[in-house]
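Biologist: Before we discuss this model, could you put it on the screen, so that each term we use can be set against the values behind it?

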Protein chains: 2
Amino acid sequence: MTISEVAREYDITADTLRYYERIGLLSPVRRNSSGIRDYSEADCRTVSFVKCMRSAGIQIDALTQYMNLLREGDETRQARKRILTEQRDMIVQRLSEMQKTLDILNRKIDGYDKMLVYEQEIKG
Amino acid sequence: MTISEVAREYDITADTLRYYERIGLLSPVRRNSSGIRDYSEADCRTVSFVKCMRSAGIQIDALTQYMNLLREGDETRQARKRILTEQRDMIVQRLSEMQKTLDILNRKIDGYDKMLVYEQEIKG
DNA sequence: CTATCACCTGCAGTCGACTCCAAGTCAATT
DNA sequence: AATTGACTTGGAGTCGACTGCAGGTGATAG
């Protein structure tokens, strides 16, 4: 797959894909004879994973560390698991903060609804 | 309340509180005779609201717009409600993305657990 | 054979959200 | 009277994460 195909498929710009590769978040992608990137299935799975993690706000730095460990092989399993666990815990934490914010927003919106209905009533 | 008291209370730096005021997210705070900020109860409630919204990732820009409308008075209720509703919807969306990411992370972590247990077994 | 188009590189610029600093003021302590 | 410490301002710097060039290459279409 070319970079633009991957970009379209995963809704990431080609610039961002190149950027990810440059900073070592994605491994160097195989090139064809004229130097053009040719993404493998495995590359695509990594892109998809990275996109998913980034969409949840996981930092590039943490993902890069994880990817580096993956490349280093089996003896880094514990370390990798620790990174994932830390990130998972952060997500759980942020989910609960967001849930709290959501509740407050919903209450405020309800309040506006009531005010606006009342406004209509005294007008009509 | 002084800026440092508010900072301590809400776990925001004084720099950030001044920054918020400078960009118009917080209204200008009353000063004492020597020009030092004296936060009212209402100021603190606003700080607390802003902190809560920011912790859920709501953009400063949206919050500033909301605060500006609040200052403009009652005839902006509809507009304010619209902003809150938009932000609420974004949070709902991001909650579901994060939940998806969380599921994937949990599955991966489970996988690591099993691998690591198996490793122990063949070693022992 | 030249023009178009998608790709390439290196690097600078942008954006959101702070964060830090220098230099100054003021009230309270030593 | 001098020092300390918390505050003030304006403005510059940082950080994470892209994003946007300029200038070049290489395959394909007209």
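Modeller: What follows is a short exchange on the relation of the chains, their contact and the surfaces near the DNA; note that this is a predicted model.

Biologist: What makes the relation of chain A to chain B that of a two-fold axis?

Modeller: Two copies of a chain are related by a rotation about an axis and a shift along it. Here a rotation of 180 degrees, with 0.0 Å of shift along its axis, superposes chain A on chain B with an RMSD of 0.0 Å; this is therefore the relation of a two-fold axis. In chain A, the C-alpha nearest that axis belongs to A:Leu95, at 3.3 Å from it.

Biologist: How do you know that the copies meet through the same surface?

Modeller: Of the interface residues of chain A, 100% are also interface residues in chain B, so the copies meet through the same surface. With contact taken as C-beta atoms within 7 Å, chain A brings 29 residues and chain B brings 29 residues.

Biologist: Which elements of chain A give two or more residues to the side that touches chain B, and which of them has the largest share?

Modeller: The elements that reach two or more residues on that side are helix H3 (41–55) and helix H5 (77–123) of chain A, and the largest share, 25 residues, comes from H5(A). By class, the side of chain A that touches chain B divides into 15 nonpolar, six polar and eight charged residues.

Biologist: What makes a residue count as near DNA strand D, and which residues are the closest to that strand?

Modeller: The C-beta atom of the residue has to lie within 6 Å of the strand. By that criterion 18 residues surround DNA strand D, and the closest are A:Ser34, A:Ile60, B:Thr2, B:Ser4 and B:Arg37. Two or more residues each come from helix H2 (14–22) and helix H4 (60–72) of chain A, together with helix H1 (3–10) and helix H2 (14–22) of chain B, and H2(A) gives the most, with three residues. The surface near DNA strand D has five nonpolar, eight polar and five charged residues.

Biologist: Which residues are the closest to DNA strand C, and which helix has the largest share of the surface near DNA strand C?

Modeller: DNA strand C is surrounded by 18 residues, of which the closest are A:Thr2, A:Ser4, A:Arg37, B:Ser34 and B:Ile60. The largest share, three residues, comes from H2(B), while the classes are five nonpolar, eight polar and five charged.

Key:
Residues numbered from 1 in each chain as written. Chains lettered and ligands numbered in written order. Predicted model: local features only at pLDDT ≥ 70, side-chain atom pairs only at ≥ 80, totals over all residues. Helix = DSSP H or I, 4+ residues; strand = E, 2+ residues; numbered from the N terminus. Nonpolar A, V, L, I, M, F, W, Y, C, P; charged D, E, K, R; others polar. Least-squares fit on C-alpha atoms with pLDDT ≥ 70 in both. Contact = placed C-beta atoms within 7 Å.
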